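Got the viewer open? Let's take a short walk through the pockets, one selection at a time.

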Amino acid sequence: MATNKEYLHFILDQLSDLAEIPYRCAFGEYMIYHCGKVAAYLCDNRLLVKPVPSAVRMMPLASYEPPYEGAKDMLLVDNVDDREFLAALFTAMQPELPEPKKKRK
């Protein structure tokens with residue numbers, strides 16, 4: 001089941017207090033960026049974030065799930081209704097997210 005547009009727009013609205021939250025569609029799912037870095041995936045109407053140390057500290061009981069078969073596990077965010085929590089989570093994660101890979105020429 002692919003993520004529907006309503007869920008995408010709900011999550012983007014929840015993150016609207018943050019600057020630089022673009023997204024990219026890939027195979028019916030979405031990658032969410034924060035300040036130029038991949039921060040989360042929307043897959044099967046689930047918000048999954050990279051398991052960087054700050055995210056693990058903020059969600060110590062979160063389950064680890066792959067966004068799609070064969071992918072590395074990410075943290076499932078259950079608390080998507082709390083705008084302040086999501087903003088704090090993405091803000092805390094941003095410095096710890098990996099830099100984007102350089103494109104080959």
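The second largest pocket comes in at about 220 Å³, and keep in mind that you are looking at a predicted model. To light up its walls, select A26, F27, E29, Y30, M31, Y41, C43, D44, P67 and Y68, which line this pocket.

Now colour your selection by residue class. The lining of the second largest pocket shows 8 nonpolar residues and 2 charged ones, with no polar residues.

Next, switch to the cartoon view. Which elements each supply at least two residues of this lining? They are strand 2 and strand 3. Strand 2 gives the most to the second largest pocket, with 3 residues.

Time to move on to the largest pocket. Here you'll find about 640 Å³ of space. Its lining is made up of 21 residues, and to get to the middle, select M31, V38, Y41, K50 and K101, the closest to its centre. Two of these names should look familiar: M31 and Y41 also line the second largest pocket.

Stay with the largest pocket and bring the cartoon back. Highlight 29-34 for strand 2 and 37-43 for strand 3, the elements that give two or more residues to the lining here. Strand 3 holds the largest share of this lining, with 3 residues, whereas in the second largest pocket strand 2 gives the most.

For a last stop, colour the whole lining of the largest pocket by class. How many residues fall into each group? You should count 11 nonpolar, 2 polar and 8 charged.

Definitions and conventions
Residues numbered from 1 in each chain as written. Predicted model: local features only at pLDDT ≥ 70, side-chain atom pairs only at ≥ 80, totals over all residues. Heavy atoms only, no water. 1 Å grid on protein atoms, 1.4 Å probe; cavity = no way out; pocket = protein on both sides within 12 Å on 5 of 7 lines; lining within 4 Å. Points joined across faces, edges and corners; volume = space filled by probe spheres on them. Helix = DSSP H or I, 4+ residues; strand = E, 2+ residues; numbered from the N terminus. Nonpolar A, V, L, I, M, F, W, Y, C, P; charged D, E, K, R; others polar.
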